[in-house]
Amino acid sequence: MQRPHVVVVKLGTSVLTGGTDKLDKAHMVELVRQCCELKKQGYQVVLVSSGAVAAGREQLITPCGRSLIEKQMLAAIGQGQLIHIWQSLFALYGVNVGQMLLTRADVEDRERYLNARDTLNALLAHNVVPIINENDAVATAEIKVGDNDNLSALVAILANAEKLLLLTDQEGLFTGDPRSDANATLINEVEHINDELRELAGGSGTTLGTGGMATKLQAADIARRAGVEVIIAKGAGKNVILNCMADKLPGTRFLKLTAPKDGRKKWLLAGPKSTGQLVIDDGASLALKERGASLLAKGVKTVRGQFERGDVIEVVTCQGQCIAKGLVNFNHQEIDQIKGCHSSQITQLLAFAPSSEVIHRDDMILL
C-alpha cells in the first residue's frame, strides 16, 4: 500500500496574527478547514506553527518581550495556549493533533534525528496532525534553528514530504521589495537559486516574526535538494492552502531537485552544521561532481577550521564554491599532514590509516 503524500504547511507569526499583536483565531479556523479538506483528499498534513510568543504576550498584562529571557518566558507561557487552540480547532473536524518541540540539536545528532523521524511518522500513521515548533523556551543560540522557515525544511525532510508551503505576509519572491519598489514583479517559478536571487531576499518583513524572505530562500534551497517542491505564498489569501496544492495561487514555486535515496545523506542535508572546510583542486572537484568519487587526500589543498574524525565538514573549490558536505575520516591536523599525498602514503605519514578516503562517497552529499 502506497503511503499518502505528505504536505508540510509553515505558518508564520504574521499569518497567524494578521499583522496584529494577537492571534487571529477566525483565520486559524479557516486554515484548519483547508488542512482537513486536504486530509479528505488523501494527503497527510504537518503544521509548523509559529505564534507561541504572540500567544504568551496575550496572556500578560504588562508589555514585555524585548530580551531573550523574556521571549523565552513568553514562549513558555504561549506554547501551551497555542497547542490548545490548534487542538480545539482541529477537534471541530474530528481530527487529533500532536505536539512536537524541536531544536537544531535534535536533527544534528543522528540518533535523535532518527527518533524525531520515527515519532513524526508514528503520528502520521495514526492519522494525527503533528503541530511542530522550535522549543524556544529552552533553546539557546547554539542549538536553535533560529526560525521556523528553516525548521519547516528540516521537518519536510524528516517527513519525506512532497510539498512545503511557506505561508507569509508576501505573495512570494519579487524582483524587488514590493513595499518600496512599484516596479517589482512576482517571480513565479525558480529553477536555480543563485547569488543574484539571494540578493533579492531582504531581512525580516515584520517586527512580529523572526524570518524574512532570506530565511525562506534558505529553507527552499534545503528542502528542494531533498526532493521537496516549495511554494511561498501569502497566507491571508482565500483558500490559500488548497489553491497552492491546485497551482491556482499567485506565489513563487521552487522546483525540486533529485533527492538522495540514502537516509544518511538526507540527514546530512537536514541539519548538521559543518565544523570546518576542505579546499580541493579542480581535478578532485571534477571527480566528485561527474564521477561520484570519494574525496582522496591527493585532491585536498587547504584545511580550514578545527574538526575531529566523524564531524561534518564542507568541501569547497578553489573558486570558493561549496560543492559537498560529508563525514570526515580524519581530524584537521591529520588531513593537514596528508593533503596532496597519495592514499598509499597515509600509513607512512600518520603511522596508521583508518581509511584510504578523506570522505567516502557514501558519507557525502553533493550540493
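## Helix 4

The bend at a residue is the angle between axes fitted to the seven residues ending there and the seven starting there. In this predicted model, helix 4 has a kink of about 35°, and Gly78 is its centre.

Helix 4 covers residues 68-91. Its 24 residues, at 1.5 Å a residue, should span 34 Å. The end C-alpha atoms lie 34 Å apart, so the two values agree. Gly78 is also among the buried residues of helix 4. Others include Gln72, Leu74, Ala75 and Gln79. Leu82, Ile83, Ile85, Trp86, Leu89 and Phe90 are buried too.

## Annotated positions

An unreviewed UniProt entry places the feature "binding site" at Ser50, Asp136 and Asn148. Two of these positions, Ser50 and Asn148, are described here.

Ser50 sits in a loop, with strand 2 (44-49) on one side and helix 3 (52-59) on the other. Its relative accessibility is 9%. Buried means under 20%, so Ser50 qualifies. Beyond four places in sequence, Ser50 touches Lys10, Leu11, Gly12, Thr13 and Leu16. Leu82, Asn133 and Asn148 are also contacts of Ser50. Of these, Leu82 is one of the buried residues of helix 4.

Asn148 belongs to helix 7 (residues 148-158). With a relative accessible area of 8%, Asn148 is buried. The side chains of Asn148 and Ser50 make a polar contact at 3.0 Å. Not counting residues up to four places away in sequence, Asn148 touches Lys10, Val48, Ser49, Ser50, Asn133 and Glu134. Lys10 and Asn133 appear in the contacts of Ser50 and in those of Asn148.

## Thr168

Thr168 lies in strand 5, which spans residues 163-168. Is Thr168 buried or exposed? Its relative accessibility is 7%, so Thr168 counts as buried.

The side chain of Thr168 makes a polar contact of 3.1 Å with the side chain of Asp169. With neighbours within four places in sequence left aside, Thr168 is in contact with Ser14 and Val15. Lys216, Ile232, Ala233, Lys234 and Gly235 are further contacts of Thr168.

## Strand 9 and its partners

Strand 9 (residues 277-280) pairs with strand 10 (residues 300-304). The two run antiparallel, joined by four bridges. Here Ile280 stands opposite Val300 of strand 10.

Strand 9 also pairs with strand 11 (residues 312-317). This pairing is parallel, again over four bridges. Leu278 of strand 9 faces Val315 in strand 11.

Notes:
Residues are numbered from 1 along each chain as its sequence is written. This is a predicted model: local features need pLDDT of at least 70, side-chain atom pairs count only at pLDDT 80 or more; totals for chains, interfaces and linings use all residues. Side-chain values use heavy atoms; hydrogens and water are left out. Two strands pair if DSSP finds at least two bridges between them. UniProt positions are given in the numbering used here, feature names are shortened, and annotations may be inferred rather than shown by experiment. Buried means under 20% relative accessible area, exposed over 50%, partly exposed in between (1.4 Å probe, protein chains only). Contact means heavy atoms within 4.5 Å. A polar contact is a pair of N or O atoms within 3.5 Å; within protein, one must be able to donate a hydrogen and the other to accept it, and residues adjacent in sequence count only if both atoms are side-chain atoms. The expected span of a helix is 1.5 Å times one less than its number of residues.
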